[in-house]
Amino acid sequence: MKNVTTLVMICLGYLGYSQSKLDNYIQIGLTTNEVIKQHNFDINKSVYALKEARSLFYPTVSLNANYTKAEGGRTIDIPMGDLLNPVYNTLNQITNSNAFPTLQNQSVLINPDNFYDAKIHTTMPLLNFEIIYNKRIKMQQSSLQKIELEIYKRELVKEIKIAYYKYLQSIEGVKIYQDALKLVKENQRVNQSLFKNDKINRTAVLRSDNEVIRIEANLETAKQVNNNAKSYFNFLLNRKLDTEIEVDSENELLPNVIANENTQNREELSQLSLFKELNGNVGKLTQSYWFPKLSGFADLGFQDFDFEVNKQSRYYFAGLGLEWNIFSGNKNKYKLRQVEEDTKKISSQIDNVKQQLLLQFQVSQNNLKSALEQFNADKNQKASAKKYNEDITKLYKEGQAIYIELLDAQNQWVNAQLNTNISLYNSWIAFAELERANAAFTLK
């Protein structure tokens, strides 16, 4: 068995095209794909959510104003006359004057009448762990959105490569059937000529006619497969489905087969690890309900009756607010228990995903080795089928072979070409699968 790297070199030499066009298409796909655009919208949204969380640390300033007009309702009775009039009467008698007037009892409305209050109200959190952990959670959610985008980009790169290889595969399939059609039409012409000259019976002519019909049908099917492959490739690039696809014809070798397992760098593991950290902050956020919250407030404004504005109208009012939950029926305790169970679940998922990714890598690597071996076998069989077809064609023209033998040799030759074409691009598809499983493609 040849070394896998050597087989890749053989594939590349047989393929004979440059990767530059494909690289360009990949960059186009990463730029124009609609799903990536949607992911970018989600990332922008998470960034704004993070900025919103940060803004909670800053003071909030608002302008508040109200005006009240009241009549009737509850009152506060102040017996000023009953309390002071006897004293005032005694003083008037002592002083032999009317210096102290007679007072009436007062009744003051509880609801202020014709009263305004306009102020600038400022509040600011001084100690609030909920805000702190909320900001951390929003930051991690933003990072998760970015990782999710990276995961999709890798999948898109793989899909673009596979779609490109299938398109090349379909192009080669059309060429093979076109060449086969020329071959069977030539057989049809020769057999008709031999039949006219009574060299062969009519069976050979009918068989050659049927072969032309069969190859024409296969050619039409191959063309439809080619159109479908083109449409899907353009769909991934968010282009018109009938846009022509450029294919390089230069011979340029690709990197060798990836030998070293690199699944530890997969974004899926980073995503789960970040999920675990985020869940830890959710637990701390739950615990923060047991901590006190301290905030400050200040009011600066004017208040008075009849819209008066003077020195007495101005005022300020400031203070501190403390909130400390003493008892909530163990609600937060049970929430914390749920978070702890989620953490255990994520830890289990990380171990499971590690095994899955390692399995995916090993299966992809084995599939690539198998595909390359199959290509090598089909390539050798193709060379033998070509030699056999040339020999039988020569014998048939010399009258030393019957048409059934010629037909069998030609079918073997066509099938060998098709199988080699299929196994060649299947090798490239397996290479793309292995590259994805090992997170080897460098995303710009």
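Here are four short exercises with worked solutions on this predicted model.

**Exercise 1. The sheet**

Work out in which order the four strands of the open sheet lie, and which strands stand at its edges.

*Solution.* Start with the pairing of S4 and S5. Strand S4 (residues 115–127) and strand S5 (residues 293–305) are antiparallel and share 12 bridges. Two places to check by eye are Ile 120, which faces Leu 300 in S5, and Met 124, which stands opposite Gly 296 in S5.

Next, follow S5 to its neighbour S6. Strand S6 (residues 314–323) is joined to S5 by 10 bridges, again in the antiparallel sense. Leu 300 is a handy marker here, as its bridge partner in S6 is Tyr 316.

Now put the strands together: the order is S1-S4-S5-S6, with antiparallel pairing. Strand S1 (60–68) and S6 are the edge strands; each has a single partner strand, so one side of each lacks a neighbour in the sheet. From one strand to the next, the twist averages 20°.

**Exercise 2. Two helices side by side**

Decide whether H5 and H9 are roughly parallel or roughly antiparallel, and sort the residues of their contact.

*Solution.* First take the geometry: the two axes, of H5 and H9, come within 9 Å and cross at roughly 170°. Then apply the cut-off: angles over 145 degrees count as roughly antiparallel. H5 and H9 are therefore roughly antiparallel to each other.

Last, look at what the contact of H5 with H9 is made of: 17 nonpolar residues, eight polar and nine charged.

**Exercise 3. Two ring pairs**

Classify the aromatic pairs Tyr 88–Phe 100 and Tyr 165–Trp 428, and say which parts of the chain each one joins.

*Solution.* A general reminder comes in useful: a pair of aromatic rings is described by the distance of the centres and the angle of the planes. The model has 14 aromatic pairs by the rule used here.

For Tyr 88 and Phe 100, the centres are 5.4 Å apart with 40° between the planes, and the pair is tilted. Tyr 88 belongs to helix H4 (residues 80–95) and Phe 100 to the loop between H4 and strand S3 (106–109), so the pair ties together parts 12 residues apart in sequence. Phe 100 is partly exposed, at a relative accessible area of 30%.

For Tyr 165 and Trp 428, the ring centres lie 5.6 Å apart and the planes are at 40°, so this pair is tilted. It links distant parts of the chain, with Tyr 165 in helix H5 and Trp 428 in helix H9, 263 residues apart. Tyr 165 is buried, with a relative accessible area of 0%. Trp 428 is buried too, at 2%.

To finish, widen the view: ring pairs link Tyr 25, Tyr 164, Tyr 165, Phe 233, Trp 428 and Phe 431 into a cluster.

**Exercise 4. The nonpolar cores**

Find the residues that touch the most other members of the largest nonpolar core, and name the helix that gives the most to this core.

*Solution.* The largest core has 37 residues; Ile 26, Leu 30, Ile 160, Tyr 164, Tyr 165 and Phe 233 touch the most other members. Then list the elements giving two or more residues: H2 (20–32), H3 (34–55), H5 (129–196), H6 (202–236), H8 (331–397) and H9 (403–437), which are helices. H5 gives the most to this core, with 10 residues.

As a final step, look for a core apart from this one: another, of 12 residues, includes Ala 180, Leu 181, Val 212 and Leu 418.

Methods. Residues numbered from 1 in each chain as written. Predicted model: local features only at pLDDT ≥ 70, side-chain atom pairs only at ≥ 80, totals over all residues. Heavy atoms only, no water. Core = buried A, V, L, I, M, F, W, Y, C linked by side-chain atoms within 4.5 Å. Buried < 20%, exposed > 50% of the residue type's maximum accessible area, 1.4 Å probe, protein only. Phe/Tyr/Trp six-rings, centres within 6.5 Å; stacked < 30°, edge-to-face > 60°. Axes fitted to C-alpha atoms, helices over the stretch in contact; angles between N-to-C directions. Parallel < 35°, antiparallel > 145°, perpendicular 65-115°, else oblique. Nonpolar A, V, L, I, M, F, W, Y, C, P; charged D, E, K, R; others polar. Pairing = 2+ DSSP bridges.
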